[in-house]
Amino acid sequence: MEKTFAMNDGTKIRSNSALTPYFLKGYYYVFRAFKFIIISLKVLAYGIFHPSVIFNFLFGVVTEIAEFHKRCGGRVRNFREAALYRDLTAAVRFFKSNCFNADFGTIRPMEAQVLAAVAAHLRPKTVFEMGTYTGFSTLHLIENTPPDTVIYTLDLPQDKAEIVLRNDLHEAHRDIKNINLNARRHFDAAREGGRVVELFGDTMTFDFSPYYGKIDFVFIDANHSYLYVKSDTENALRMLSARGVILWHDYDFIHPGVFKLINEIARDKRIYYIERTRYALYIKNAEGVRP
Ligand SMILES: C[S@@+](CC[C@H](N)C(=O)[O-])C[C@H]1O[C@@H](n2cnc3c(N)ncnc32)[C@H](O)[C@@H]1O
């Protein structure tokens with residue numbers, strides 16, 4: 001006799017056998033698993049002739065592991081717990097971002113969007129960026145802050161011969177080995193009419209004192225060795241204004257110096273990680289109140 005069976009999604013089927021819903025479910029999952037295996041084999045075969053596909057795939061896997069690692073351990077909190085996150089999501093706005101200029105060595109497209117969103121929301125009067133490179137991140141800061149915001153961006157001198165890193169760690173030197181300091185910048189400081197101030201020097205020896213207490217938003221993405229990030233962070237904390245925010249790039253296990261430093265300062269400062277990115281974030285005026 002025909003009966004009616006309810007499926008998981010609320011739809012109904014009519015059948016003579018009570019086994020039909022199980023059969024349909026089993027068929028669905030076996031078919032999906034089979035498809036997955038076929039697609040994986042196709043990707044593998046394609047990857048043998050196009051290694052960049054495999055590289056991108058492995059990069060994705062490493063990114064997922066890094067994400068999982070951050071969630072599982074440490075004292076760094078999820079940005080979703082922050083009032084700033086709630087404000088950002090409550091005011092649904094769209095930001096300016098151009099993901100096509102992302103390159104090896106710059107922030108990724110999703111990170112560019114997050115940088116744009118945070119900058120637009122904070123409306124900082126002053127921004128200090130450590131690590132200009134092609135200016136991809138600088139461009140996002142320029143395009144997403146008010147017209148009277150002043151953006152300082154610091155990088156090493158463009159002539160590599162002039163560079164003598166004070167901290168002679170192998171790690172610090174290795175970090176800049178592949179950087180093309182003459183890479184074309186995505187912004188034209190002259191055209192920005194004083195809004196963007198390009199600075200050149202080593203963050204370890206640069207004199208940050210004129211900026212103490214004056215910067216609303218610091219973006220740290222220069223040398224990734226532990227001693228450099230530590231020194232950059234100390235300088236960033238000194239530069240912060242009362243409403244200041246620090247954003248670090250490369251908080252993941254691929255950059256052990258940044259990872260170690262952020263986990264250390266999270267012992268007595270409330271630091272957030274931002275999902276799907278390699279950012280860590282500190283909000284000065286959110287100190288003291290632990291939910
Ligand atoms: C990862 S890139 C920055 C990318 C950029 N923020 C973006 O997303 O478009 C790092 C930059 O930091 C610079 N850098 C490395 N060591 C530095 C140091 N000791 N002082 C200043 N800049 C440094 C490098 O020259 C390089 O341009």
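In the predicted model, the ligand is surrounded by 22 residues, of which Ile107, Ser137, Asp155, Asp202 and Asp221 are the closest, a residue being counted when one of its heavy atoms lies within 4 Å of the molecule. By class, this shell comprises 10 nonpolar, 8 polar and 4 charged residues. Polar contacts (pairs of N or O atoms within 3.5 Å) include one between a ligand nitrogen atom and a polar backbone atom of glycine 131, at 2.9 Å. A polar side-chain atom of serine 137 is likewise placed 2.9 Å from a nitrogen atom of the ligand, and for a polar side-chain atom of aspartate 221 the distance to a ligand nitrogen atom is 2.9 Å. Of the 600 Å² of accessible area that the ligand has on its own, the protein covers 97% (Shrake-Rupley method, 1.4 Å probe).

A search of the whole structure yields 2 cavities of 30 Å³ or more, a cavity being a set of points on a 1 Å grid over the protein atoms alone where a 1.4 Å probe fits but cannot get out, with lining residues having an atom within 4 Å of a point. The largest cavity, with a volume of about 50 Å³, has Asp155 and Tyr133 among its lining residues, whereas the second largest, of about 40 Å³, is lined by residues including Asp221 and Trp248.

Residues are numbered from 1 along each chain as its sequence is written. Local features need pLDDT of at least 70 and side-chain atom pairs pLDDT 80 or more, totals for chains, interfaces and linings use all residues, and side-chain values use heavy atoms, with hydrogens and water left out.

Notes:
A polar contact is a pair of N or O atoms within 3.5 Å; within protein, one must be able to donate a hydrogen and the other to accept it, and residues adjacent in sequence count only if both atoms are side-chain atoms. Ala, Val, Leu, Ile, Met, Phe, Trp, Tyr, Cys and Pro count as nonpolar, Asp, Glu, Lys and Arg as charged, and the others, Gly among them, as polar. On a 1 Å grid over the protein atoms alone, a cavity is a set of points where a 1.4 Å probe fits but cannot get out, and a pocket is an open set with protein on both sides within 12 Å along at least five of seven lines; lining residues have an atom within 4 Å of a point. Grid points are joined across faces, edges and corners, and a volume is the space filled by probe spheres set on the points.
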